[in-house]
Amino acid sequence: MSTTSPITAPSDTLSAAIAEFGDPRGYLAVASIGIPPRRTVEALRADLDAWAAADRDPQGYDEVIARTRESFARLVGIGVDRVAIGSQTSVEAALVAAAVPSGAEVLCVDGDFSSIIFPFLNRPDIRTRTVPLDGLADAVSEKTWLVVFSLVQSATGVIADVEAILEAAGRHNALTFCDTTQAAGVLPVDATKFDFTACHTYKWLCSPRGVAFLTMSEKVERLLTPLQAGWYAGDDPWQNCYGPSMRLAPGARKFDVSPAWQAWIGAEQSIGLFADLDIAEVWERTAGLGDALCDALGIPQQHQAIVAWPDASGHDLRTLIDAGIRVSGRAGRLRASFHLWNTLEDVEDVVRALRH
């Protein structure tokens, strides 16, 4: 089977990044977990060796974390003072959920990822209302205090209509909270458009699990309470290890969660790699591969890096896994996700396996 495609040759910068991943043929599961570039593996191994040789100290990780925070801020186009670090998306969402006034309405998306819905459902004193993604903008009303949604839906890969949602939220003076976990690293993200964003980096940013970010605009920072403040949220963490005196950092850093050091060693390399790329070029390549797969399967183009189709029985999932092709199943669909390392050969392998 041959596939014609508009996939263009990558730029030199993107080619160098692609080469960092070797040849993971048949891996179309980045929407579940990314794979690390060579530089990340090397950095983690070096850190492990240094740790084993008793050549590591906690303070030595501070500069790594600072550089990683700066790279993420650059990637999503926001000031570094607007970025807090954490470990899980649900932890960041819980901080936002705690700020919702009693009796207020939070508008969420049917079928969105549970980590950004459950923290709000755990507030029985607020009204959490869910609607289909394509009706989200129309559902915003004068009663809505916060609109919560993923930029890219985990189960389907569908991209939210950001401009329509923002227009509706602005018209009704509602705040916005966007989860960019399935977008950052593959789809251009501008965090300044939203009041809050959350992102875990173990998917498209190919980082170790345990590195997450929360961004916030300056106007909404005052709405949050640093409920999980620990020593790393201090103005000078190493001078704020003991209470009762509490001097929290300025800006978003007061919401920092103490970092899992080794994870940040890897994240520095991976996020730095993506921050140096033209993410629009990454999206053109990955969504182009997605459309090539749709064409080959005879289904409508989805214009997405995640291609999903109904597979309630799991037949296609089992077929592809048996053929050595790594994909995932979510919400009764098969989910094939393309990233830097994928090529048209992966498209051909999927179609060949399913037809066989």
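How much accessible surface does the chain have, and what share of it belongs to carbon and sulfur atoms? In this predicted model, the accessible surface of the chain comes to about 15400 Å². Carbon and sulfur atoms account for 52% of that area.

The overall dimensions come next. Taken along the principal axes, the box filled by the C-alpha atoms is roughly 70 × 60 × 35 Å. The chain has 356 residues, and a compact globule with that number would have a radius of gyration near 21 Å; the value for the chain is 21 Å, so the two agree. Of the 356 residues, 56% count as buried.

The secondary structure of the chain consists of 12 helices and 10 strands. Contacts between residues at least 6 apart in sequence show how distant parts of the chain are joined: 68% of these contacts link residues at least 24 apart.

Two residues can serve as landmarks, beginning with His 339. His 339 lies in a loop, with strand S10 (333–337) on one side and helix H12 (344–355) on the other. Its relative accessibility is 0%, and because buried means under 20%, His 339 counts as buried. Which residues does His 339 contact, leaving aside its neighbours within four places in sequence? They are Val 30, Gly 185, Val 186, Trp 204, Cys 206, Phe 274, Val 282 and Thr 286.

Two of these contacts, Val 186 and Trp 204, also appear in the lining of the largest cavity. A search of the whole structure finds one cavity of 30 Å³ or more, and the largest cavity holds about 40 Å³ of space. Besides Val 186 and Trp 204, the lining includes Val 152, Gly 157, Gln 182, Trp 283, Gln 304, Ala 305 and Ile 306. Are charged residues present or absent in this lining? They are absent: the lining residues divide into six nonpolar and three polar, with no charged ones.

The second landmark is Ala 263, which belongs to helix H9 (residues 261–275). Is Ala 263 buried or exposed? With a relative accessibility of 10%, Ala 263 counts as buried, since the cut-off for buried is under 20%. Leaving aside neighbours within four places in sequence, Ala 263 is in contact with Pro 208, Arg 209 and Val 211. Phe 177 gives a further reference point for Ala 263: the two residues are 86 apart in sequence, and their C-alpha atoms are 25 Å apart in space.

Terms used: Residues numbered from 1 in each chain as written. Predicted model: local features only at pLDDT ≥ 70, side-chain atom pairs only at ≥ 80, totals over all residues. Heavy atoms only, no water. 1 Å grid on protein atoms, 1.4 Å probe; cavity = no way out; pocket = protein on both sides within 12 Å on 5 of 7 lines; lining within 4 Å. Points joined across faces, edges and corners; volume = space filled by probe spheres on them. Nonpolar A, V, L, I, M, F, W, Y, C, P; charged D, E, K, R; others polar. Helix = DSSP H or I, 4+ residues; strand = E, 2+ residues; numbered from the N terminus. Rg over C-alpha atoms; globule rule 2.2 N^0.38 Å. Buried < 20%, exposed > 50% of the residue type's maximum accessible area, 1.4 Å probe, protein only. Contact = heavy atoms within 4.5 Å. Areas by Shrake-Rupley, 256 points an atom, 1.4 Å probe, with all protein chains shown as cover.
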